[in-house]
Amino acid sequence: MPDVSDPVLEVVGLRKTFGDVVAVEEVSFAVRRGGSLAIVGESGSGKTTVAKMVTGQERPTAGTIRACGRDRSAPARGGAERRLRGREVQIVFQDPYSSLDPRQPVDRAIDEVLRLHRPDWSAPQRAERVVELVGMVGLDDRQGSALPRALSGGQRQRVAIARALAAEPEVLILDESVAALDVSIQAQVLNLLIDLRERLGITYVLISHDLAVVRQLTETVVVMHRGTIVERGRTEDVLDAPQHDYTRRLRASVPTPGWDLAAVRRALHETRPVRPLTPSC
Amino acid sequence: MSAVAAPVAGTRPVRGRRRTGLGATGWVSAAVVGLATLVAVVGPLVAPHDPNQADLVQAWIGPGGDHLVGLDVQGRDVLSRILAGARSSMLGPLLIVVICMLVGSLLGLVSAWRGGMVDAGVSAGLDILFAFPGVLLAALTAAVFGAGLWAAVLAMAVAYTPFVARLLRGAMLKERNQPYITALEVQGLGATAICLRHVLPNVFPFMVAQGSILFGYAVLDLAVISYLGIGVQPPDPDWGVMISENQSGILLGYPLPALCAGACIVAVVVAMNLLGERLLERAGKDGGR
């Protein structure tokens with residue numbers, strides 16, 4: 001990966017073990033301010049674990065994580081530090097159904113975040129900002145005061161984005177954020193994300209297994225396989241001319257018009273020679 | 001991972017039409033519970049006779065005249081004793097449920113939130129408490145503090161708390177692992193605020209439902225304790241005490257006084273259980289995402 005000047009997020013030598021299982025090993029990457037990085041890999045490759053360590057949900061076994069030049073490898077001490085970290089990195093999850101409190105109307109959920117990060121704002125100031133944020137993610141006023149159960153999956157995901165943006169974070173982690181949506185809704189939310197990035201200059205870290213989404217949303221990519229980074233570079237280069245066997249396999253597995261399963265099988269066989277079936281017990 | 005999640009999300013039932021009713025059974029149960037509560041509040045005031053006024057000459061006289069349900073073993077008015085006895089028979093279980101829910105939700109919340117060693121420690125403590133049957137604890141507290149309603153309430157609260165704490169720990173752990181809680185943590189909201197503003201309100205319907213079922217058990221257990229003579233002390237009116245006092249009547253051919261008290265207990269227990277189950281169903285429907 002080319003040297004990144006002015007990195008907003010910098011991860012060096014990250015490692016995470018759960019008991020004897022090594023989930024993540026020697027993961028290093030950096031994202032420039034306003035840039036975008038995709039972490040690609042199949043289920044169990046460790047990409048979500050990396051995201052969890054960046055947001056502070058998991059503590060790294062080794063390695064350092066720096067956001068906006070400040071270390072966040074160790075758990076936050078005290079409320080002020082927690083909130084400061086909240087203004088550095090935010091996350092939008094995959095499942096739009098469980099990522100909102102079912103008892104909290106949309107505007108109150110966003111207001112709660114504003115109260116947290118802008119204690120000096122008056123109630124009318126916050127209300128104005130809530131309306132602005134709701135509009136920013138393409139929801140109308142009625143949807144803005146609705147309970148989550150009245151909203152569709154795509155609308156809920158828009159709310160989750162608005163709530164994350166309420167903290168005005170430097171980095172937004174999108175953990176499979178559009179994966180659970182219908183294709184047409186997915187396209188709308190993707191467009192919203194592209195649009196927001198242009199307007200706000202926010203940095204995206206996209207965790208995904210969907211190469212089409214990765215291509216649309218990011219400029220750089222790292223490919224993870226079994227806990228380590230096996231390939232990295234500009235998104236176009238990596239996706240158009242993958243160097244690593246695993247990346248080739250991943251690309252060949254994407255269903256496209258004229259998709260040739262036999263080719264996928266050949267690609268798999270190239271890297272993973274078929275062993276004759278021998279009973280293991 | 002998400003290839004599996006997508007169809008699951010798509011097949012979720014439409015949540016527009018929500019059944020908020022309790023159903024006929026639920027409403028009848030609620031009515032019975034309401035009536036019992038009303039009697040517990042105003043019972044002693046509306047009792048036609050002094051519930052403790054005994055007249056041994058009139059023992060075991062059947063219904064009629066001035067005494068709608070007859071007189072008991074000591075010639076006291078059964079109806080008045082049922083009405084007056086509702087207070088201790090309902091207040092005791094209420095106190096038990098409230099104490100259990102307060103202590104149980106605190107323990108459950110702390111274990112679910114902190115996990116690890118804290119969770120293991122609390123669970124171990126609860127396991128030890130689990131080993132003591134409620135009635136044994138009641139005998140113990142009666143021996144230490146003297147027999148009475150308060151000793152029995154304390155004993156049952158201690159006996160039920162591990163059960164409640166474990167139930168609530170499960171419910172709170174489920175809530176704690178919801179992504180919306182994680183999102184609030186990433187925002188930087190403190191644990192206390194998250195628990196008070198989000199976890200507890202979302203688990204509350206479940207608590208009410210479980211509390212209702214627990215109330216039924218508590219009515220029954222307190223009646224047993226009173227029956228055994230280590231709870232409410234005669235001559236104070238109490239449904240459990242009434243069964244104990246009048247059980248000889250069943251053999252002598254005057255079963256009405258004991259049966260009346262028994263019927264009250266059964267009615268409240270069954271109603272509380274049915275109501276609790278309906279509420280639980282609703283809480284599941286409501287909270288289930």
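## Fold of chain B

From the N terminus on, the elements of chain B run α-α-α-α-α-α-α-α-α-α. The count is 10 helices and 0 strands. The model is predicted.

Along the principal axes, the C-alpha atoms of chain B fill a box of roughly 80 × 45 × 30 Å. Take the contacts in chain B between residues at least 6 apart in sequence: 73% of them join residues at least 24 apart.

## Surface and charge of chain B

Chain B has 289 residues, and 47% of them count as buried. Its accessible surface comes to about 13,600 Å². Carbon and sulfur atoms account for 70% of that area.

Charged side chains in chain B number 18 positive and 16 negative. The centres of the two sets lie 19 Å apart.

## The largest nonpolar core

The largest nonpolar core holds 64 residues. Five of them touch the most other members: Ile82(B), Ile96(B), Val199(B), Trp239(B) and Val268(B). Eight helices of chain B each give two or more residues to this core. They are H2 (23-46), H3 (78-114), H5 (134-145), H6 (149-176), H7 (179-187), H8 (191-228), H9 (239-252) and H10 (256-287). H8(B) supplies the largest share, 14 residues.

A second core lies apart from this one. It has 46 residues, including Val92(A), Tyr204(A), Val213(A) and Leu217(A). In soluble globular proteins, nonpolar side chains tend to be buried together.

## Around Trp239(B)

Trp239(B) is one of the core residues that touch the most other members. Leave out residues up to four places away in sequence, and its contacts fall into two stretches of numbering. One set is Ile82(B), Gly85(B), Ala86(B) and Ser89(B). The other is Ala261(B), Cys264(B), Ile265(B) and Val268(B). Helix H3 of chain B spans 78-114, and helix H10 spans 256-287.

## The sheet in chain A

Chain A contains an open sheet of 4 strands, in the order E2-E1-E4-E5. The pairing is antiparallel. Strands E2 (21-32) and E5 (70-71) of chain A stand at the edges. Each has a single partner strand, so one side of each is left without a neighbour in the sheet.

Strand E1 of chain A covers residues 7-18. It runs antiparallel to E2(A), and 8 bridges join the two. Lys16(A) stands opposite Val24(A) in E2(A).

Terms used. Residues are numbered from 1 along each chain as its sequence is written. Chains are lettered from A and ligands numbered from 1 in the order in which they are written. Side-chain values use heavy atoms; hydrogens and water are left out. A nonpolar core is a set of buried Ala, Val, Leu, Ile, Met, Phe, Trp, Tyr and Cys residues joined through side-chain atoms within 4.5 Å. Buried means under 20% relative accessible area, exposed over 50%, partly exposed in between (1.4 Å probe, protein chains only). Contact means heavy atoms within 4.5 Å. Accessible areas come from the Shrake-Rupley method with a 1.4 Å probe; for residues, only the protein chains shown count as cover. Lys and Arg count as positive and Asp and Glu as negative; His and the chain ends are not counted. The place of a charge is taken as NZ of Lys, CZ of Arg, CG of Asp or CD of Glu. Two strands pair if DSSP finds at least two bridges between them.
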